[in-house]
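Here's a quick tour of a protein model, written for someone who likes to poke at coordinates. Have the viewer open and follow along.

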Amino acid sequence: MAASRPLTALDGDPMAVEALLRDVFGIVLDEAVRKGTSASEKVCEWKEPEELKQLLDLELQSQGESRERILERCRAVIHYSVKTGHPRFFNQLFSGLDPHALAGRIITETLNTSQYTYEIAPVFVLMEEEVLKKLRALVGWNSGDGVFCPGGSISNMYAMNLARYQRYPDCKQRGLRALPPLALFTSKECHYSISKGAAFLGLGTDSVRVVKADERGKMIPEDLERQISLAEAEGSVPFLVSATSGTTVLGAFDPLDAIADVCQRHGLWFHVDAAWGGSVLLSRTHRHLLDGIQRADSVAWNPHKLLGAGLQCSALLLRDTSNLLKRCHGSQASYLFQQDKFYDVALDTGDKVVQCGRRVDCLKLWLMWKAQGGQGLEQRIDQAFALTRYLVEEIKKREGFELVMEPAGEEGEPRLQPEAVSGLPDPADSNLRGSQASSSHPSLGQRLSSPPTTRKSISITG
C-alpha cells in the first residue's frame, strides 16, 4: 500500500530516497544502457507530436504522484526518447555511450555544484585546470588559458568577444559606441554559430564576410585576402578570421597554416572552430589535418563529438597568458570573489565567463581519459577513420547507393543516397507541409522506429 500513496517530499526518509534512486538507476541501466546500446533494439519508438504528448501526460498537476507512477514515467521518458548511444544512431555529430564518461556525468549531477570558486568546487577547479592544460598541449601550446563552455557555439562567441575586446578594450564599458564598423571572415562552410554570434554581440550579420571554399569545402586563402581588402576598401575594420577544422556537412579541414599567414600579415585574431575535428589531434596518424593550429589565438574543441565524452563537453582554449578572459568578462562581484580568502584567489575562475553558475563539464572527460589513456583515445580516433574508409569501399560495391563525395585524405565521411529513400518527397516541395507530408508518407515514421534489418539504409554526413 505504501508504494501506491502519492510521492511526497523524501527529505526526512533516507531509506525511501535510496530505494527510489536504486529503482531509477536500475531502469536507466536496463532501458537506456542495455537496450539503448543494443543493435537488436530500436533507435527510437517514433510517435507523432500530438500522440506523444498524450502518451507522456506532460501536464503538471497540483497533487504529487505515487512512487510506482514516477518509475513508470521514468521508463516512458527513456522508451520514447532517441537512443543516441545506439550503434545505428547516425543523425548528429555526437553518438555512442562511453561508460566512464557516463559515470562522470552521474557523479557531476549528484554533487550538483557550480564551477565558479575553489571553495565550492575544489576538486573540479583543479581538475578543469589540468584537463585544459592537456588539451592546450595537444594544440601545441605550453601555456595559455581556457574554460569549458555550454557548447561549441558559445565557445565561438567567446572567441569573437575576446578578439573584439583585445582590439578595442573600451567596448566593455562604452559598448558599440566605442567601435568602428568591424568585419570578421569565415568560410561558407562554417558553422552557423558564427553569424548568430555576430548578431548576439551586436556586430550584426552584415559584419560576417563569407570566404569562398574549394570543391572539398576548404577555405580558399587567396579569397580570404581578397575579402579583407574589400572590407577595408568599404570602410570596415577587419579583426578576426574563423577557420574550421571539421566542417559540419563535408567534414573539411581548412588549411590552417596558410590562413595563419594571412592573419599574421594583417594583424587579425585567428580562431579555429575545431568543435568536431579537434579530437583528431590525439591521433599521430591523422593530426596533420590540423597542421598550423598551434598558430591560432583561440580554439573551440568539443570532446563530446568525435571523442564521445557525452554532452556537454566543450572547451575554449586560448594562447593568451595575460588573463584576457577575466579582463574581458570579469565584474568583480564582491559577495562571491572576495580577495581576502584563505587560498589563492586565482583559483576562482568564475569571473572568466559571462555566466554565474556554471556546470562541471571536465569530470566526464577526465574519468574517460584516466580509464582509456591517451593511447586508448588515439585508437578510438584511428578506428573512426578506418571505419570511414571501410564504409566508402563497401558502398562502392553495393547497388542502390550513390557516393556523393569521395573523402579527401579521409578527413570527412561520405554522404550516401540509399535507394530505399529515393521515392520520398522532396522536403523543399512547398506542397508538402508538416502533418500533410507525414500523412502522405506514413512509412517515414515507421522507418525511423523500425528495428534493424539485413538491408541497412544509412545516411551519414561528416
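Start at the surface of this predicted model: Arg 265 counts as exposed because its relative accessibility is 56%. Its partner is Glu 225, and the two form a salt bridge whose closest N and O atoms sit 2.5 Å apart. This pair links distant parts of the chain, with Glu 225 in helix H9 (residues 221-233) and Arg 265 in helix H10, 40 residues apart.

Other salt bridges stay within one helix. Glu 72 and Arg 69 both belong to helix H3 (residues 67-79), three residues apart, or about one turn. Glu 72 is partly exposed, because its relative accessibility is 45%, and Arg 69 is partly exposed too, at 30%. Helix H12 holds both Arg 389 and Glu 393, four residues apart and again about one turn. Glu 393 comes out at 33% relative accessibility, so it counts as partly exposed.

Here are the three pairs side by side:

| Salt bridge | Closest N to O distance |
|---|---|
| Glu 225 – Arg 265 | 2.5 Å |
| Glu 72 – Arg 69 | 3.0 Å |
| Arg 389 – Glu 393 | 3.0 Å |

The full count is 31 salt bridges, and Glu 109, Arg 359, Asp 361 and Lys 364 are tied together in a network of them.

Back to H10 (residues 256-266): together with strands S4 and S5 it makes a right-handed β-α-β unit. S4 (residues 237-244) and S5 run parallel and share five bridges, with Ala 243 standing opposite Val 272 in S5. S5 also pairs in parallel with strand S6 (residues 298-301), this time over four bridges, and there Ala 274 faces Trp 301.

So how many residues of S5 are buried? Six of the six in residues 269-274 are, so the strand is largely enclosed by the rest of the structure. Both faces are covered: Trp 269, His 271 and Asp 273 are buried on one side, and Phe 270, Val 272 and Ala 274 on the other.

S6 also turns up as a neighbor of helix H5 (residues 122-139). The buried residues of H5, including Phe 124, Met 127 and Leu 135, pack against helix H4, strand S1, S6, strand S7 and H12. H5 has 18 residues and spans 26 Å, close to the 26 Å expected. Just after H5, Gly 140 adopts a positive phi of about 120°.

Zooming out, the protein has 14 helices and seven strands. Of its 462 residues, 44% are buried. The exposed area is about 23,900 Å², with carbon and sulfur atoms supplying 53% of it.

How values were computed. Residues numbered from 1 in each chain as written. Predicted model: local features only at pLDDT ≥ 70, side-chain atom pairs only at ≥ 80, totals over all residues. Heavy atoms only, no water. Buried < 20%, exposed > 50% of the residue type's maximum accessible area, 1.4 Å probe, protein only. Helix = DSSP H or I, 4+ residues; strand = E, 2+ residues; numbered from the N terminus. Pairing = 2+ DSSP bridges. Right-handed = clockwise from strand over helix to strand, strands pointing away. Areas by Shrake-Rupley, 256 points an atom, 1.4 Å probe, with all protein chains shown as cover. Expected span 1.5 Å × (residues − 1). Contact = heavy atoms within 4.5 Å. Salt bridge = Lys/Arg side-chain N within 4 Å of Asp/Glu carboxyl O.
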